[in-house]
Amino acid sequence: MHHRAAAAFLALACWLFAAAPVLAQQVALSGLSNGRALLVIDGAKPRFLLPGQTHNGVRLLSAQGDSAVIEIRGQRQTLRVGDAPVSLGKAAAETGAQRIVLTADAQGHFMPPGQINGREVQFMIDTGATVVILSESDARRINLAYEKGRKVKVSTANGAVAGYEVRLASIRVGEAQVYDVPGIVLPQSMPFVLLGNSFLTRFQMQRNNDQLTLERRF
């Protein structure tokens, strides 16, 4: 009898856990100090976290300069000191995936972290690039079978080089994910992946001072 009661209680607990709504959390970056980020989560008292630490379901991935990258239930977001709180969680996934807001760095570049085929990469927005361009080293790191792609000649600042045309299964920036994106893999080393127009044309772009807003078109 006790075993049946325990089993029934466990089943009920699992049902309640599954049925409970997953609410969005509001997170703001209050400051940074010695590699730590001072986060305000759901309006509570600010708390310092080191990269890799988690508090109330919010995991700090990195903290440098005036920004920090956090993760909540698989969703990633870059926070900057002084910005308004952002909402992440179920509500953010349903309403925020159509819009990306980026802030330029000190050099005026937009450098969002993101994913290609579910693997982490560092992007740089490049409206002059026809497609997404990545190096062979990045392609190997994310296990992209680029050598199966069609060989092409690409003009670069250092002259024409041989590259490979590829189809990237998915690209994720913030909460927005785009599928089946054309790209090119080049042999030379690159410090980041150029996020070109094969991704950007899926969005309506609007720049206002140091902010770039991408609104999903299709």
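These legends go with a set of close-up views of one predicted protein model.

**How the views were made.** Residues count from 1 along each chain as its sequence is written, and side-chain values use heavy atoms, with hydrogens and water left out. Because the model is predicted, local features need pLDDT of at least 70 and side-chain atom pairs count only at pLDDT 80 or more, while totals for chains, interfaces and linings use all residues.

**View 1. Where the predictor is confident, and where it isn't.** The protein averages a pLDDT of 81 (the predictor's confidence in each residue, from 0 to 100), and 83% of the residues score at least 70. Residues 1-23 stay under 50, with 5 contacts (heavy atoms within 4.5 Å) beyond four places in sequence. Residues 90-96 also stay under 50, with 13 such contacts. Where pLDDT is low, don't read the predicted coordinates in detail.

**View 2. The sheet E9-E18-E17 is open and antiparallel.** Helices (H or I, at least four residues) and strands (E, at least two) are DSSP runs, numbered from the N terminus, and two strands pair if DSSP finds at least two bridges between them. E9 (99-103) and E17 sit at the edges with a single partner strand each, so one side of each has no neighbour in the sheet. The twist averages 15° from one strand to the next (axes are lines fitted to C-alpha atoms; angles run from 0 to 180 degrees between N-to-C directions). On one side of E18, 5 bridges tie in E9, with Ile100 partnering Leu214.

**View 3. E17 and E18 make a hairpin.** Here E17 (residues 203-208) and E18 (residues 211-216) run antiparallel, joined by 6 bridges. Look for Gln206, whose bridge partner in E18 is Thr213. There are 2 residues between the strands, and Asn209 in the turn has a positive phi of about 55°.

**View 4. A sheet of 4 strands runs E4-E5-E6-E7.** This one is open too, with antiparallel pairing. Its edge strands are E4 (54-55) and E7 (75-80), each pairing on one side only. E4 meets E5 (residues 58-64) over 2 bridges, and Thr54 stands opposite Arg59.

**View 5. The largest nonpolar core has 30 residues.** A nonpolar core is a set of buried Ala, Val, Leu, Ile, Met, Phe, Trp, Tyr and Cys residues joined through side-chain atoms within 4.5 Å; buried means under 20% relative accessible area, exposed over 50%, partly exposed in between (1.4 Å probe, protein chains only). Ile116, Leu144, Ile171 and Phe199 touch the most other members. E14 (159-173) gives the most, with 5 residues. Leu144 touches residues including Leu134, Val166 and Val185, not counting those up to four places away in sequence.

**View 6. Arg76 and Glu120 form a salt bridge.** A salt bridge is a side-chain nitrogen of Lys or Arg within 4 Å of a carboxyl oxygen of Asp or Glu, and the count comes to 7. In this pair the closest N and O atoms are 2.8 Å apart. Arg76 in E7 and Glu120 in E11 are 44 residues apart, linking distant parts of the chain. Arg76, at 24% relative accessibility, is partly exposed, and Glu120 is partly exposed at 31%.

**View 7. Helix H3 holds the salt bridge partners Asp138 and Arg141.** Their side chains meet at 3.2 Å, N to O, about one helical turn apart. Asp138 is buried at 12% relative accessibility, whereas Arg141 is partly exposed at 38%.
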